[in-house]
Amino acid sequence: MKKQYDMLVIGGGPGGYTAALYGARAGLSVLVIEKLSAGGQMATTEQVDNYPGFDEGIDGFELGERMQRAAERFGAESLNATVTAVRLDGAVKRVETDEGALEGSTLVIATGASPRELGLPEERALRSRGMAYCAACDGMFYKDKTVVVVGGGNTAVGDALLLAKLCRKVYLVHRRDALRASRIYDKALREAENLEMVWNSRVTALLHDERVTGVRLENVKTGETSEIACDGVFAAVGRVPDTALFTGQLALDAQGYIEADETTKTSVPGVFAVGDVRSKPVRQIVTAASDGAVAAFFAEQYLAEQQD
Ligand code: NAP
């Protein structure tokens, strides 16, 4: 493996591997650095129905692997490593990893976002002991049990519906009286008999012994408190961008996403941000993939300008 590339990509989700595909196909030397497996957050989704071209849907993990193979077909390389530091100033972008240092003439950041915590006192200590953040990953541990899902967006509703197929009972706790999730889920929500909505409520405490045993709720309209006994709590209250590596080196918006417009150009020339980590209105697999193609286009243009 050589250490200097035309394009380094951090993150192997749909944005990262699409940038790699377009870059490699245009003849650039490309390396994708990914800490786990291809697909990023998408790989934890059991059934992807809204990525075009798969008329019966596709497993997110498989789609990730296919995207990786598609980029590698044109010569892109992949490295399993954790990025520990980056240096973005100067013509050469330097990336330190636990597998050694790498250099790129351009850098595509595709680090995505991680689940937001509920912010409850013992939440971290109870992780993997009843506190969970990914229904597709951990749902099987709650087969025939009772779980609480927190949130009102697409992730919360998708998770609640997935869990309703496995669990005895699912409570979906949302802090308002209307979902943010797409209306596409309405019918399935109505038809899931073991799924109960708990509106206008927030979780104020995790009840537990060694493991989670329940949640305490507060009705935000009446102030009334109540408890639900459960075996697991799945938080699905949005995501926080994985931008800690770039703080102080790139312009970030108020929520911590990397500021970049539809060109995916960041505040540093030669550095591009794609997918969920970029400030943007719609975070979908297809929009991440679109960003990847755009980033590769402007990376190529940037490299050509550097040679002039
Ligand atoms: P989201 O759309 O930001 O929704 C987060 C939900 O959590 C909102 O309902 C929000 O309540 C609630 N929330 C936020 N902070 C909270 C807190 N501290 N306590 C309690 N509730 C809290 O996040 P997401 O569902 O993870 O989706 C992220 C993006 O991925 C979205 O763009 C979404 O469309 C996309 N996505 C798409 C699909 C799909 O197309 N199938 C699947 C999953 C995700 P409020 O509503 O009151 O703000």
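Which of the 17 residues around the ligand come nearest?

This is a predicted model, in which local features need pLDDT of at least 70 and side-chain atom pairs count only at pLDDT 80 or more, while totals for chains, interfaces and linings use all residues. Residues are numbered from 1 along each chain as its sequence is written, and side-chain values use heavy atoms, with hydrogens and water left out.

**Exercise 1. Describe the surroundings of the ligand.**

Step 1. Asn50, Asn154, Thr155, Arg176 and Arg180 come nearest among the 17 residues around the ligand, where a residue is near a molecule if one of its heavy atoms lies within 4 Å of it.

Step 2. Sorted by class, this shell has three nonpolar, nine polar and five charged residues; Ala, Val, Leu, Ile, Met, Phe, Trp, Tyr, Cys and Pro count as nonpolar, Asp, Glu, Lys and Arg as charged, and the others, Gly among them, as polar.

Step 3. For the polar contacts (pairs of N or O atoms within 3.5 Å; within protein, one must be able to donate a hydrogen and the other to accept it, and residues adjacent in sequence count only if both atoms are side-chain atoms), begin with Thr155, which has a polar side-chain atom 2.7 Å from an oxygen atom of the ligand. Gly152 places a backbone N or O atom 3.0 Å from an oxygen atom of the ligand, whereas Tyr185 has a polar side-chain atom 3.3 Å from a nitrogen atom of the ligand.

Step 4. The ligand has 910 Å² of accessible area on its own, and the protein covers 72% of it; such areas come from the Shrake-Rupley method with a 1.4 Å probe, and for residues only the protein chains shown count as cover.

**Exercise 2. Work out the strand order of the five-stranded open sheet and identify its edges.**

Step 1. The order is 8-15-9-10-11, with parallel pairing; strands (E, at least two residues) and helices (H or I, at least four) are DSSP runs numbered from the N terminus, and two strands pair if DSSP finds at least two bridges between them.

Step 2. Strand 8 (131-132) and strand 11 (195-198) are the edges, because each has a single partner strand and one side of each is therefore left without a neighbour in the sheet.

Step 3. At one of these edges, strand 8 pairs with strand 15 (residues 232-235) in the parallel sense over two bridges, and Ala132 has Phe234 of strand 15 as its bridge partner.

**Exercise 3. Place strand 1 among its partners, and follow strand 6 to Thr106.**

Step 1. Strand 1 (residues 4-10) is mostly covered, with five of its seven residues buried, where buried means under 20% relative accessible area, exposed over 50%, and partly exposed in between (1.4 Å probe, protein chains only).

Step 2. Strand 1 runs parallel to strand 6 and is joined to it by six bridges, with Ile10 facing its bridge partner Ile109 in strand 6. Strand 1 also runs parallel to strand 2 (residues 30-34), through four bridges, and here Met7 stands opposite Val30.

Step 3. Thr106 belongs to strand 6 (residues 100-109) and counts as buried at 0% relative accessibility; its side chain reaches the backbone oxygen of Asp6 at 2.8 Å.

**Exercise 4. Decide how far helix 1 is enclosed.**

Step 1. Helix 1 (residues 14-25) has twelve residues and reaches 16 Å from its first C-alpha to its last, close to the 16 Å expected at 1.5 Å a residue, the expected span being 1.5 Å times one less than the number of residues.

Step 2. Nine of the twelve residues are buried, so helix 1 is largely enclosed by the rest of the structure; among the buried residues are Pro14, Tyr17, Thr18 and Ala24.

**Exercise 5. Compare two loop residues that have positive phi.**

Step 1. Most residues other than glycine have a negative phi. Phi is, however, near 70 degrees in Ser128 and near 50 degrees in Asn200.

Step 2. Ser128 lies in the loop between strand 7 (113-115) and strand 8, and is exposed, with a relative accessible area of 67%. Asn200 lies in the loop between strand 11 and strand 12 (201-208), and is buried, with a relative accessible area of 14%.
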